[in-house]
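Here's a quick walk through one small set of coordinates, written for someone who'd rather be at the bench. Have a look at the sequence and the model first, then read on.

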Amino acid sequence: MSPWKSYLLNAKLMPLCASVVEIAKATAPKAWSGDLDSLGLDLLVTHCWGAIYEQADYTAPHNPLAGRPELRRLPGS
């Protein structure tokens, strides 16, 4: 896995971060009736990490939830 602040180290994560910010901005008015622009607020990504695979990279098939039965089912589902 990459470090917590991988988006600062790898420009390939910036489109993902930009999408997350845009989705959050679009959702904010519906979620809490707030307009970020009129409040003078802006959103930013502070943590973004993951497994970054290049063309020749791969991972063995696995089930990351196999040892965590409490995570297999989301509350309310």
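Is aspartate 42 buried or exposed? Aspartate 42 is exposed, at 55% relative accessible area. For that scale, buried means under 20% relative accessible area, exposed means over 50%, and partly exposed is whatever sits in between (1.4 Å probe, protein chains only).

Before going further, some ground rules. This is a predicted model, in which local features need pLDDT of at least 70 and side-chain atom pairs count only at pLDDT 80 or more, while totals for chains, interfaces and linings use all residues. Residues are numbered from 1 along each chain as its sequence is written, and side-chain values use heavy atoms, with hydrogens and water left out.

**How far to trust it**

pLDDT is the predictor's confidence in each residue, from 0 to 100. The protein averages 80, and 88% of its residues reach 70 or more. Helix 2 has the highest confidence, at a mean of 87, and helix 3 the lowest, at 78. Where pLDDT is low, the predicted coordinates shouldn't be read in detail.

**The overall layout**

You get 3 helices and 0 strands, running α-α-α from the N terminus. Helices here are DSSP runs (H or I, at least four residues), strands are E runs of at least two, and both are numbered from the N terminus. Of the 77 residues, 17% count as buried. The protein exposes about 6,600 Å², with carbon and sulfur atoms supplying 62% of that; such areas come from the Shrake-Rupley method with a 1.4 Å probe, and for residues only the protein chains shown count as cover. Take the contacts (heavy atoms within 4.5 Å) between residues at least 6 apart in sequence: 59% of them join residues at least 24 apart.

**Inside**

The largest nonpolar core has 6 residues: Tyr7, Leu13, Cys17, Val21, Val45 and Cys48. A core like this is a set of buried Ala, Val, Leu, Ile, Met, Phe, Trp, Tyr and Cys residues joined through side-chain atoms within 4.5 Å. Cysteine 48 sits in the segment after helix 3 and is buried, because its relative accessible area is 10%. Its C-alpha atom is 5.7 Å from that of tyrosine 7, although 41 residues separate the two along the chain. Skipping neighbours within four places in sequence, cysteine 48 touches several residues, among them Pro3, Trp4, Leu13 and Cys17. By the same kind of count, tyrosine 7 has contacts including Met14, Val45 and His47.

**Charged pairs**

The whole structure holds 2 salt bridges, each a side-chain nitrogen of Lys or Arg within 4 Å of a carboxyl oxygen of Asp or Glu.

| Acid | Base | Closest N and O atoms |
|---|---|---|
| Glutamate 54 | Lysine 12 | 2.8 Å |
| Aspartate 42 | Lysine 25 | 3.2 Å |

Aspartate 42 is in the segment after helix 3 and lysine 25 in helix 2, so this pair ties together parts 17 residues apart in sequence. Lysine 25 is partly exposed, at 31%. As for the other pair, lysine 12 is exposed at 53%, while glutamate 54 is partly exposed at 40%.

**A greasy spot outside**

Trp32, Leu39 and Leu41 form a nonpolar patch on the surface, with about 330 Å² of accessible area together. Patches are made of residues with over 30% relative accessible area and no salt bridge; like charges are joined within 9 Å, and nonpolar side chains (Val, Leu, Ile, Met, Phe, Trp, Tyr) within 5 Å. Leucine 39 belongs to helix 3 (residues 36–39) and counts as exposed because its relative accessibility is 53%.
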